[in-house]
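Student: I should like to learn how the descriptive terms applied to a structure are justified. Could we work through some examples together?

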Amino acid sequence: MKPWNTWDLHYSVVIGLVLLAGLYVFLGGLTSARRHVASFVGALLVLFVALNGPLHNLSDNYLFSAHMAQHLLLTLVFPPLLLYGCPAHVVRPLLRPRWVMALGRVVTRPLVAALLFSGPIVIWHVPALYEAALRNHNLHIVQHLVFLITAVIMWWPVLSPVPELPRVQHLLQMLYLFLLGIPMSITGALITLSDSALYPFYAAAPRVWRLDPLQDQQIGGLLMWVLGGFMLWGVMTVIWFRYSVWDARADAEASVPEEAYGARVSNDQ
């Protein structure tokens with residue numbers, strides 16, 4: 001087993017990032033405002049750090065808590081950076097096929113998006129399934145892909161780059177994120193408060209930083225329960241201040257103002 005602090009690259013991840021960056025350039029992403037390009041680059045960096053090097057080694061071989069930190073990066077950091085980094089003129093070509101738009105109208109509805117995200121989060125943390133993913137590399141890849149795809153869908157009602165698949169009104173965004181945090185918090189609490197190690201893989205793993213399996217599991221549960229909740233509350237706070245600005249102009253109640261989708265929206269329609 002490799003030492004956890006070695007920097008090794010996973011070529012499937014690197015190839016995926018190169019393809020994603022190439023698609024962004026092909027769709028005209030580099031003509032976007034600097035803040036959007038910076039956000040997209042940040043998304044790629046988060047994915048690179050999460051799936052390569054020390055964090056990946058700790059997650060795959062040593063610590064449940066590191067694996068939980070990795071999952072938070074994949075679900076609560078990467079998707080909002082990606083969506084903010086892809087303004088309307090980048091996303092619209094991907095939505096041109098009629099079946100894509102039809103599917104998008106269904107899966108980006110808040111209730112559907114919430115269920116698509118929360119269901120896998122809860123189900124994958126059932127010990128038998130979690131253990132199976134740890135012991136089967138291909139299944140582990142599927143787990144991460146499910147988290148990434150459903151997390152992008154989950155963030156869509158809050159950060160949609162196109163009004164054709166619109167964001168929900170600001171106050172509903174806050175309610176949506178608050179309710180989304182409940183299944184994640186309950187799952188994290190159950191993991192934290194368990195008086196026995198739930199995942200045999202990590203119970204048998206080499207010890208790092210003198211953490212015993214139960215301490216490691218409790219830290220991982222707290223990351224999901226507390227840190228995940230704080231991250232969602234942080235986004236809700238930003239939404240509240242943005243809502244306050246638009247509400248002062250009396251244009252926030254009916255829908256999200258069109259300017260929220262990016263400066264080039266009206267030029268792309």
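**Reasoning from values to terms**

Tutor: Let us begin with helix α8, where E131 and R135 are separated by about one helical turn because they are four residues apart. Please bear in mind that this is a predicted model.

Student: What makes E131 and R135 a salt bridge?

Tutor: The closest N and O atoms of E131 and R135 are 2.8 Å apart. The rule asks for a side-chain nitrogen of Lys or Arg within 4 Å of a carboxyl oxygen of Asp or Glu, so the pair qualifies. Side chains of opposite charge can pair when their charged atoms come close.

Student: Why is E131 called buried, and why is R135 called exposed?

Tutor: E131 has a relative accessibility of 11%, and buried means under 20%. R135 has a relative accessible area of 55%, and exposed means over 50%.

Student: How many salt bridges does the rule give, and what does R92 pair with?

Tutor: The count comes to two salt bridges. R92 pairs with E164, their closest N and O atoms being 2.6 Å apart. R92 lies in the loop between α5 and α6 and E164 in the loop between α9 and α10, so this pair ties together parts that are 72 residues apart in sequence.

Student: Why is E164 called partly exposed?

Tutor: Its relative accessible area is 34%, and partly exposed covers values between the 20% and 50% cut-offs. R92, by contrast, is buried at 11%.

Student: Why is the pair F64 and Y202 called edge-to-face?

Tutor: The ring centres of F64 and Y202 are 6.0 Å apart, and the planes stand at 70°. Pairing requires centres within 6.5 Å, and planes over 60 degrees apart count as edge-to-face, so both conditions are met. This pair links helix α4, which holds F64, with helix α11, which holds Y202, 138 residues apart.

Student: What makes the pair Y130 and Y199 tilted?

Tutor: Their ring centres are 4.6 Å apart and their planes lie at 40°. That angle is neither under 30 degrees, as stacked requires, nor over 60, so the pair is tilted. Both Y130 and Y199 are buried. Ring pairs link F64, Y130, Y199, F201 and Y202 into a cluster.

Student: How do you know that the span of α10 agrees with expectation?

Tutor: At 1.5 Å a residue, the 24 residues of α10 should span 34 Å, and the end C-alpha atoms are 34 Å apart, so the two values agree. The N-terminal end of α10 is capped by Q169, with a side-chain oxygen 3.2 Å from the backbone nitrogen of L171.

How values were computed
Residues numbered from 1 in each chain as written. Predicted model: local features only at pLDDT ≥ 70, side-chain atom pairs only at ≥ 80, totals over all residues. Heavy atoms only, no water. Helix = DSSP H or I, 4+ residues; strand = E, 2+ residues; numbered from the N terminus. Buried < 20%, exposed > 50% of the residue type's maximum accessible area, 1.4 Å probe, protein only. Expected span 1.5 Å × (residues − 1). Polar contact = N/O pair within 3.5 Å; in protein donor to acceptor, adjacent residues only side chain to side chain.
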